[in-house]
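Me: I'd like to go through this model and ask how each label is earned. Can you set the values against the cut-offs for me?

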Amino acid sequence: SDCRMRASGGPFRLPGTESDRHKPNCLCCIGPPDHAFERACAAVAALEIAGVGKPEAEKFVRLLCTQGGGDAVRLSKGKAKAAAKSIRAKTSGLPPLDPEALERMQTAVLDAYPSALSGNDAS
């Protein structure tokens with residue numbers, strides 16, 4: 001039950017077929033079990049920002065983790081601007097997230113990741 005991504009070029013190779021995808025929680029991609037993702041999602045959802053529920057929180061946390069290569073990092077200005085527009089469903093009819101709400105969301109995520117506090121030089 002090995003994740004096949006490891007043999008085929010690691011986590012940064014885009015999966016070619018459905019069977020090539022990572023298994024959920026495969027260790028070659030995420031390391032030992034880490035509850036930071038769940039904590040971060042719960043923290044973002046708990047901010048009770050209009051239009052930001054669990055699915056939006058997960059999307060946002062993944063964005064910060066993708067930027068950090070596994071650990072959450074603060075988004076660049078450009079990515080933050082894009083996130084403000086894309087996190088809430090267009091169908092929600094809500095305007096883009098304001099910078100203050102986005103900042104609160106980022107802080108909530110970073111607080112859930114212990115490595116984010118140490119300056120992110122652990123790689």
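Reply: Sure. Let's start with a definition: a polar contact is a pair of N or O atoms within 3.5 Å, where one must be able to donate a hydrogen and the other to accept it. Keep in mind that this is a predicted model.

Me: What makes the pairing of the side chains of E103 and R74 a polar contact?

Reply: The two side chains come to 2.9 Å, and the cut-off is 3.5 Å, so the pair counts as a polar contact. E103 sits in helix α5. As for L75, its C-alpha is 9.8 Å from that of E103, with the two positions 28 residues apart in sequence terms.

Me: Why is E103 called partly exposed?

Reply: Its relative accessible area is 35%. Buried means under 20% and exposed means over 50%, so E103 lands in between.

Me: How do you know that C41 and C65 are not in a disulfide?

Reply: The sulfur of C41 is 8.2 Å from the closest cysteine sulfur, which belongs to C65. A disulfide needs the sulfurs within 2.5 Å, so this pair is too far apart for a bond. Searching the whole structure turns up 0 disulfides.

Me: And what makes C41 and C65 buried?

Reply: C41 has a relative accessible area of 4% and C65 has 10%. The limit for buried is under 20%, so both residues qualify.

Me: Why do the buried residues of α4 count as lining one face of the helix?

Reply: The buried residues there are A80, A83 and A84. Looking down the axis of α4, they fall within an arc of 105°, so they line one face. G78, K81 and K85 are exposed residues on the face turned away from that buried side. The cover over the buried residues of α4 includes α3 and α5.

Me: Which helices feed the largest nonpolar core?

Reply: That core has 26 residues, and V44, F60, V61, L97, M105, V109 and Y113 are those with the most contacts inside it. Helices α2 (36-46), α3 (54-67), α4 (77-86) and α5 (99-112) each supply at least two of its residues. The largest share, 7 residues, comes from α5.

Me: What does V109 touch?

Reply: Leaving out residues up to four places away in sequence, V109 touches A40, V44, F60, V61, L64 and A72. In soluble globular proteins, nonpolar side chains tend to be buried together.

Terms used:
Residues are numbered from 1 along each chain as its sequence is written. This is a predicted model: local features need pLDDT of at least 70, side-chain atom pairs count only at pLDDT 80 or more; totals for chains, interfaces and linings use all residues. Side-chain values use heavy atoms; hydrogens and water are left out. Buried means under 20% relative accessible area, exposed over 50%, partly exposed in between (1.4 Å probe, protein chains only). A nonpolar core is a set of buried Ala, Val, Leu, Ile, Met, Phe, Trp, Tyr and Cys residues joined through side-chain atoms within 4.5 Å. Helices (H or I, at least four residues) and strands (E, at least two) are DSSP runs, numbered from the N terminus. Contact means heavy atoms within 4.5 Å. The arc is that of the directions from the helix axis to the C-beta atoms.
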